[in-house]
Amino acid sequence: MSEDESRCEAASHQKTVLLGVTGCIAAYKSCEIVRLLQKAGVRVKVVMTEHATEFVGPLTFRSLTHEPVGVGLFDNPSDPIHHISLAQEADLFLIAPCTANVIAKLANGLADDLLTTTALATTAPLVIAPAMNVNMYENGATRYNIGKLHIRGARIIETGDGYLACGDVGKGRLADVEDIVSAVLDELGLSRDLAGKRVMVTAGPTVEPIDPVRYISNHSSGKTGYAIARAAALRGADVTLVSGPVSIAPPEAVRTVRVRTALEMFEAAQEAFGAADIAVFAAAVADVRPKQAAPRKLKKGEADAALGAIELVENPDILATLASSKKRQVVVGFAAETDDVVANAEKKLSTKHADLVVANQVGEGKAFGTDDNQVWFVDDEGVEELPRMSKERLADAILDKALEFVR
Ligand code: CTP
């Protein structure tokens, strides 16, 4: 088969999701939905209501999808029945965010714009992720309309609870984008190879207090661990992320346990490890901590002497301790090295009882805080050097490799 033919065949198997975007402040989150669906190998086309274009311009979606974006019923002179071709092309119609108004129209079969006409014309499964103010969401009319759509076979992704853009607190927040994408992939029957698996990830630095304002820590940004947690959630895993203090937002569809010190991280990791199928230790744990933190700030005059005399004690090695009692857990450790990267990683493989060590070079702008990394996989079978790649791609590569060890 020629390269062109195989490209055509791959394209013909590719699923198409038609993403409907309606007029809601959460419309900006649809951009992330596009990106995550594309990452899962799905082709995305976007259709928007006029109101949605007040929040995000069609050009944004056009740039992200490399596809024309439909807004008006009669915008496409080359295709006078645009809603029918869109309806036929879709393997699934996802509307996210979906306003109360559009839900009401869909529930009653109203079709007065391109989005709602396409929804009426398509036979593809319909997935709806509502987003609105809490009172609109709880209004009997909306509940009734959502119920009608559910009975007719639409999959409704329940809204989240929390702080809403209007200032109210309660239900109505667009569901986590990872949950929306997971539901779509599930509906399309696309493999989510970590479904049913529990993944635990430690990430970020730990901080060990010297006094109420000073601490011992390191440069870890948490990006690698967070990328792994997010990738695992997207692949269907139930994820617990044990995170030291970092400045990045936690992935949405992940249980995040925030800790500060190594002892706190140890306790939280221990709790999650028992039930984990895959445990990834990406945290940069401080090896030592001051035996006793001063209860008040050390003043300038006394700090020099006091800092010089700090008594340090060793922190527990979280990875080595937990992995020494591992049963079915696949254990992935990291080795952050400035020199002899692979040799040191090989030592850590056995001393830490890991199934896989991801070795990387740190220092001089390498690894810590960057968006990409170059690593070696070290296991009992040998050493594999990976090319430099984004931490997102690396996260998937680590999970692919970890899956090979699942017992
Ligand atoms: N690790 C851990 N608990 C510690 C120290 C390290 O769980 N107290 C884990 C890290 O999360 C990582 C692996 O052990 O997965 C190796 O960490 P690294 O910092 O490379 O090595 P250290 O064990 O600290 O040893 P060294 O400082 O001698 O390189």
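Q: Which residue in the turn of the hairpin formed by E6 and E7 has a positive phi?
A: In this predicted model, strand E6 (residues 160-163) and strand E7 (residues 169-173) pair in the antiparallel sense over four bridges. Five residues lie between the two strands of this hairpin. In the turn, a positive phi of about 105 degrees belongs to Gly167.

Q: Which residue in E7 stands opposite Tyr163?
A: E6 spans residues 160-163 and pairs with E7, residues 169-173. The partner of Tyr163 across the pair is Val169.

Q: Is Gln374 buried or exposed?
A: Gln374 sits in the loop between strand E18 (372-373) and strand E19 (375-379). Buried means under 20% relative accessible area. Gln374 has 17% relative accessibility, so the residue counts as buried.

Q: Which residue's backbone oxygen does the side chain of Gln374 reach?
A: Leaving out residues up to four places away in sequence, Gln374 touches Ala359, Asn360, Glu385, Leu386, Pro387 and Arg388. One of these contacts includes a polar approach by the Gln374 side chain, at 2.8 Å. The backbone oxygen reached is that of Leu386.

Q: How many residues of the lining of the largest pocket are charged?
A: The largest pocket has a volume of about 780 Å³. Its lining takes in 36 residues, with Ala283, Ala284, Val285, Phe334 and Ala336 nearest the centre. Elements that each supply at least two lining residues include strand E8 (198-203), helix H10 (223-234) and helix H15 (391-403). The lining divides into 18 nonpolar, eleven polar and, for the charged group, seven.

Methods
Residues numbered from 1 in each chain as written. Predicted model: local features only at pLDDT ≥ 70, side-chain atom pairs only at ≥ 80, totals over all residues. Heavy atoms only, no water. Buried < 20%, exposed > 50% of the residue type's maximum accessible area, 1.4 Å probe, protein only. Polar contact = N/O pair within 3.5 Å; in protein donor to acceptor, adjacent residues only side chain to side chain. Contact = heavy atoms within 4.5 Å. 1 Å grid on protein atoms, 1.4 Å probe; cavity = no way out; pocket = protein on both sides within 12 Å on 5 of 7 lines; lining within 4 Å. Points joined across faces, edges and corners; volume = space filled by probe spheres on them. Nonpolar A, V, L, I, M, F, W, Y, C, P; charged D, E, K, R; others polar. Pairing = 2+ DSSP bridges.
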